[in-house]
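Trainee: I am new to reading structures, and I would like a close look at a single part of this one. Could you walk me through it slowly?

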Amino acid sequence: MSSTSGDEEYWIYHERQELALCGQHALNNLVQACIFAPGNLSEIAHQLDEMELAVMAQNNEGGTRSKDYIQRLQEGSANVDEQGNFSIEVLRAALMNQYGLELPNIREEGVKDSMDVTQMEGFICNRDAHWFAIRFINGRFWNLNSTAERPEQISHFKLATEIEGLQNSGYSVFCVTKALPPPCTSKAGRERGKAEYWWKEEDLVKGKSNAITGASDPWAKVGSGVRLDGKPSKVQKAEVAVNTDNMTEDELMQFAIAASLEQTTALTSTNPSGSEEKKEKVIVPPEPADDQAGVCKIQFRLPDGKRVIRRFLKGDKVSIVYGFVEETSPGQGTLELRCGFPPKDLASCQDSTILESKLAGEMIQGRYT
């Protein structure tokens with residue numbers, strides 16, 4: 001139950017959409033504080049790019065002068081695009097670096113089977129380029145989608161149906177099973193974010209149309225909060241708004257992507273088997289239906305630079321994944337696939353199933369060597 005006395009009032013942090021920074025908003029809404037800024041996430045994206053490019057450079061076709069390496073540089077980063085969209089690997093690394101928390105796909109083996117969804121602390125949901133968070137706060141789950149006007153309550157009874165519905169509509173759902181930072185229960189705690197992003201939980205539960213925010217709380221002399229880059233904001237507004245910072249749209253966009261455009265790099269995948277032996281052609285079965293038992297989705301960045309999502313059965317061999325990439329994006333040389341952070345070589349997994357290799361819901365990068 002929500003406490004309504006003194007400093008024990010619960011407040012819910014809900015950042016609103018600014019530009020294409022929904023990945024950042026999802027992380028901050030998940031941890032209930034303005035912790036992650038575009039610059040931080042862009043730096044992580046660079047580190048990921050550099051790690052994987054370092055692996056790419058270890059080829060026998062000229063290293064950094066190879067045609068494949070140069071092509072990847074020209075394609076740009078796969079971890080942050082020019083609009084400021086960040087990849088799941090960036091979000092995972094940020095959460096791990098800051099809090100030591102993992103962000104596995106809920107369909108990953110052993111995750112959903114180990115506990116009920118109502119026992120999980122929070123979720124990050126993604127479809128295409130949009131991210132949003134669901135967070136457990138004071139005995140309730142809240143949808144903290146940055147495109148929504150205010151936090152929306154999800155009952156325990158409907159949570160499993162909500163998660164399943166998101167997956168059926170094409171969302172990938174990632175979860176946090178361990179303790180997240182505690183929610184805000186004090187006036188001092190609201191200094192962790194801009195005043196207008198804080199909502200009084202009691203008012204939201206009662207469905208008040210004029211629910212109090214940190215900016216409109218008549219009893220709190222809340223400061224102006226912090227900007228997206230962590231610096232104090234010089235402007236404070238009483239109304240709920242998405243652009244209260246004294247930064248122009250161009251300045252915020254430049255701040256979000258400057259690091260990634262400084263040294264244009266490409267996240268690629270390598271799978272150095274080194275074998276030149278001819279392999280028996282793998283027969284790729286038809287794509288299973290979305291509602292078929294044991295189905296899962298895998299995202300790909302193909303060797304030709306295109307991004308696709310394809311359904312497989314969890315019992316399919318990883319060799320079928322290789323076969324799909326080879327059929328969809330044919331090329332010269334040996335196909336190399338990697339996924340995860342740090343990038344994991346999938347060559348040794350080809351005789352294992354997708355379930356055994358924990359590839360359901362993952363992003364796989366491919367290239368030919």
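Which residue of E11 stands opposite Arg 338?

Mentor: Happy to help! Keep in mind that this is a predicted model. The residue you are after is Asp 345 of E11, which stands opposite Arg 338. Let us see where this pair belongs. Strand E10 covers residues 335-339, and its pairing with E11 is antiparallel, made over 2 bridges. As general background, the strands of a sheet pair through backbone hydrogen bonds, in either a parallel or an antiparallel way.

Now step back to the sheet around your pair. This open sheet has 5 strands in the order E9-E8-E12-E10-E11, and its pairing is mixed. Strand E9 (307-313) and strand E11 (344-345) each have a single partner strand, so they stand at the edges, with one side of each left without a neighbour in the sheet. Your Asp 345 therefore sits in a strand that is at an edge. Next, look for helix H8, residues 318-328. Helix H8 lies across strand E8 (295-301), E9, E10 and strand E12 (363-368), and runs at about 120 degrees to E10.

For a companion view, turn to another sheet. This one is also open, with 5 strands ordered E5-E4-E3-E2-E6, and its pairing is antiparallel. Its edge strands are E5 (152-154) and E6 (172-176), each pairing on one side only. From one strand to the next, the twist averages 25 degrees. Strand E2 (residues 122-127) runs antiparallel to E6, and 5 bridges join the two. Within this pairing, Cys 125 stands opposite Val 173 in E6.

Two helices pack on this sheet. Helix H1 (residues 22-31) touches E2, strand E3 (130-137) and E6, and its direction makes about 5 degrees with that of E3. Helix H4 (residues 88-99) touches E2, E3 and E6 as well, but here the angle of about 5 degrees is with the direction of E6.

The helices also meet each other. The axes of H1 and H4 come within 11 Å and cross at roughly 35 degrees, and this crossing is right-handed. On the H1 side you will find Gly 23, Leu 27, Leu 30 and Val 31, which meet Leu 91, Ala 94, Leu 95 and Tyr 99 of H4. Sorted by class, the residues of this contact are 7 nonpolar, 1 polar and no charged.

Finally, follow Val 173 to a cavity. The model has 2 cavities of 30 Å³ or more, and the largest holds about 70 Å³ of space. Val 173 is among the residues lining the largest cavity, together with others including Asn 105, Arg 107, Tyr 171, Ser 172 and Lys 297. By class, this lining has 3 nonpolar, 4 polar and 2 charged residues.

Note on methods: Residues are numbered from 1 along each chain as its sequence is written. This is a predicted model: local features need pLDDT of at least 70, side-chain atom pairs count only at pLDDT 80 or more; totals for chains, interfaces and linings use all residues. Side-chain values use heavy atoms; hydrogens and water are left out. Two strands pair if DSSP finds at least two bridges between them. Helices (H or I, at least four residues) and strands (E, at least two) are DSSP runs, numbered from the N terminus. Axes are lines fitted to C-alpha atoms, for helices over the stretch in contact, and angles run from 0 to 180 degrees between N-to-C directions. Contact means heavy atoms within 4.5 Å. A crossing is left-handed if the near helix is turned anticlockwise from the far one by less than a right angle, and right-handed if clockwise. Ala, Val, Leu, Ile, Met, Phe, Trp, Tyr, Cys and Pro count as nonpolar, Asp, Glu, Lys and Arg as charged, and the others, Gly among them, as polar. On a 1 Å grid over the protein atoms alone, a cavity is a set of points where a 1.4 Å probe fits but cannot get out, and a pocket is an open set with protein on both sides within 12 Å along at least five of seven lines; lining residues have an atom within 4 Å of a point. Grid points are joined across faces, edges and corners, and a volume is the space filled by probe spheres set on the points.
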